[in-house]
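Student: Could you take me through one part of this protein slowly? I would like to see how a single loop and the helix after it fit into the whole.

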Amino acid sequence: MTTTLIRNAAVVVTMDQARREIEGGGLYIRDGWIEQVGPTDELPTEADTVVDLRGHVVAPGLVNTHHHLYQTLTRAVPGAQDAGLFDWLKTLYPIWARMTPEHVRVSTQVGLAELARSGCTTTSDHLYLFPNGSRLDDQIEAARSVGMRFHAARGSMSLGESSGGLPPDSVVESEDAILIDTQRVIEAFHDPEPGAMIRVVVAPCSPFSVTTDLMRSSAELARTFGVTMHTHLAETIDEEDFCVETFGLRPLDYAESVGWMGDDVWFAHAVWIDDEGVQRMASTRTGLAHCPSSNMRLSSGVAPVRQYRDAGVRIGLGVDGSASNDGSHMLGEARQAMLLARLAAAPGPTRPAGTAMPAREALEMATLGGASVLGRTDIGSLAPGKAADFFAVSLDRLEYAGALHDPVAALVLCAPVTVDETWVDGVPVIRGGRLVAVDTDELIARHNRLAAGILRDV
């Protein structure tokens with residue numbers, strides 16, 4: 001058995017039931033699990049590894065509930081920089097169709113490294129196209145090499161352009177092949193136990209890229225194996241128009257009609273949901289990945305986050321694909337969520353002022369909220385019996401000068417920073433601001449070569 005003592009932090013943000021913030025605090029960890037949290041002088045004095053984090057804020061690892069890691073290859077692509085969702089996808093689908101297993105592995109490592117450097121310890125990723133022999137296995141291999149907790153969402157697209165869908169036929173799969181491979185990866189990789197490093201999610205891409213039969217069959221498969229379900233929903237008005245024209249139903253009504261509501265389901269975006277839909281999501285315990293940067297980048301709209309929070313909807317944050325955000329920074333996403341919610345709360349000629357979102361509420365969405373959305377009770381807070389997932393940020397930096405009156409709020413209110421430490425399962429993934437297990441310089445060079453190659457002759 002191995003023990004680790006984290007001591008002398010300026011403040012430990014626990015996110016426990018009492019929302020304690022412990023000055024001069026620390027953690028005592030055994031075999032990847034937290035045994036004690038409290039003031040340093042109340043913790044054991046010895047351990048196999050002792051880390052002094054004097055002058056740092058220590059907080060629970062951030063949980064990213066929606067991403068497309070492969071899109072790190074296509075950030076800032078000309079022709080897609082100023083497009084809305086449907087035109088953006090049509091521009092990028094032919095480029096993504098060139099991906100190989102190497103593209104998937106390297107882009108996954110890059111995205112995970114970027115997330116880890118922003119304090120993220122657990123991420124879900126939605127991979128929904130598998131060209132040129134690519135498999136979900138490639139992502140899982142990459143996640144293991146970095147050391148992050150990984151919810152691998154086996155996405156799918158079966159409705160090509162020739163059948164009335166949005167994606168080109170070259171990037172869709174047959175429904176039988178999708179279901180067979182989804183069952184394979186569940187059986188091969190899914191770990192339902194507390195502390196799991198890898199879980200598998202059933203994740204048809206969206207109403208405009210899969211058939212109704214596949215949506216139903218995917219839900220049946222997920223519930224047979226007891227895994228969670230994820231899809232895009234109600235992201236744009238274009239999607240709403242597509243659903244009404246194709247199915248005679250609005251997106252949330254369509255999702256409910258094919259069995260996609262419940263505490264084992266979470267949607268990405270859910271921007272265009274009315275008050276009645278918000279209440280339905282709350283009553284069914286259906287979760288939500290709120291992706292503010294992506295929604296702003298693609299001009300998709302502003303999700304009704306205050307209504308979701310007030311109704312009790314399970315809501316976490318997602319950075320979304322790095323081509324619709326151009327970054328994978330979870331502290332930045334928490335800040336963006338807070339600022340966008342405040343903008344939505346601004347008074348108007350026919351609208352009274354709403355409630356501004358505090359910095360701590362945004363941080364709660366990024367930790368406890370994300371854990372709840374992913375169906376996990378073992379992460380999201382720093383408390384005895386929880387997994388030892390946390391990050392630490394030094395307060396002795398330019399970005400926090402003048403903000404030490406409230407260092408916890410500074411994590412969100414001030415400019416997003418690269419964290420100094422990120423630990424997952426009691427093991428360091430980031431030390432001194434650098435990735436531990438992977439050579440970052442070599443990774444960046446390799447990724448840039450692949451990114452340049454995939455766009456060549458486009």
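**A buried loop residue and the helix that follows**

Tutor: Let's start with Asp320, which is buried, with a relative accessible area of 4%. Buried here means under 20%, so Asp320 falls within that class. Keep in mind that this is a predicted model. Asp320 sits in the loop that runs between β13 (315–317) and α11 (330–344). Its backbone is worth a look too: phi of Asp320 is positive, about 65°, although the residue is not a glycine.

Now follow the chain into α11. This helix has 15 residues and reaches 21 Å from its first C-alpha to its last, close to the 21 Å expected at 1.5 Å a residue. Its buried residues are Met330, Leu331, Gly332, Glu333, Ala334, Ala337, Met338, Leu340 and Ala341. As you read that list, remember that an α-helix has 3.6 residues a turn, so residues three or four places apart point the same way. With that in mind, try finding Ala334, Ala337, Met338 and Ala341, which are among the buried residues of α11.

For a contrast with Asp320, go to Ser299. Ser299 also has a positive phi without being a glycine, near 55°, and Ser299 too is in a loop, between α9 (292–297) and α10 (305–311). Its surroundings are another matter: Ser299 is exposed, with a relative accessible area of 67%.

A second helix makes a good partner for α11. Helix α2 (residues 101–116) has 16 residues and spans 22 Å between its first and last C-alpha, close to the 22 Å expected. Most of α2 is covered, with 12 of its 16 residues buried; among them are His103, Val104, Gln109, Leu112 and Leu115.

Finally, let's step back to the whole protein. It has 14 helices and 17 strands, and buried residues make up 60% of its 458 residues. A compact globule with 458 residues would have a radius of gyration near 23 Å, and the protein's 21 Å agrees with that. Its C-alpha atoms fill a box of roughly 65 × 55 × 45 Å along the principal axes. Of the contacts between residues at least 6 apart in sequence, 74% join residues at least 24 apart. On the outside, the protein exposes about 16900 Å², and carbon and sulfur atoms supply 50% of that area. There are 37 positive and 60 negative side chains, and the centres of the two sets lie 3 Å apart.

Notes:
Residues numbered from 1 in each chain as written. Predicted model: local features only at pLDDT ≥ 70, side-chain atom pairs only at ≥ 80, totals over all residues. Heavy atoms only, no water. Helix = DSSP H or I, 4+ residues; strand = E, 2+ residues; numbered from the N terminus. Rg over C-alpha atoms; globule rule 2.2 N^0.38 Å. Buried < 20%, exposed > 50% of the residue type's maximum accessible area, 1.4 Å probe, protein only. Contact = heavy atoms within 4.5 Å. Areas by Shrake-Rupley, 256 points an atom, 1.4 Å probe, with all protein chains shown as cover. Lys, Arg positive; Asp, Glu negative; His and termini not counted. Charge placed at Lys NZ, Arg CZ, Asp CG, Glu CD. Expected span 1.5 Å × (residues − 1).
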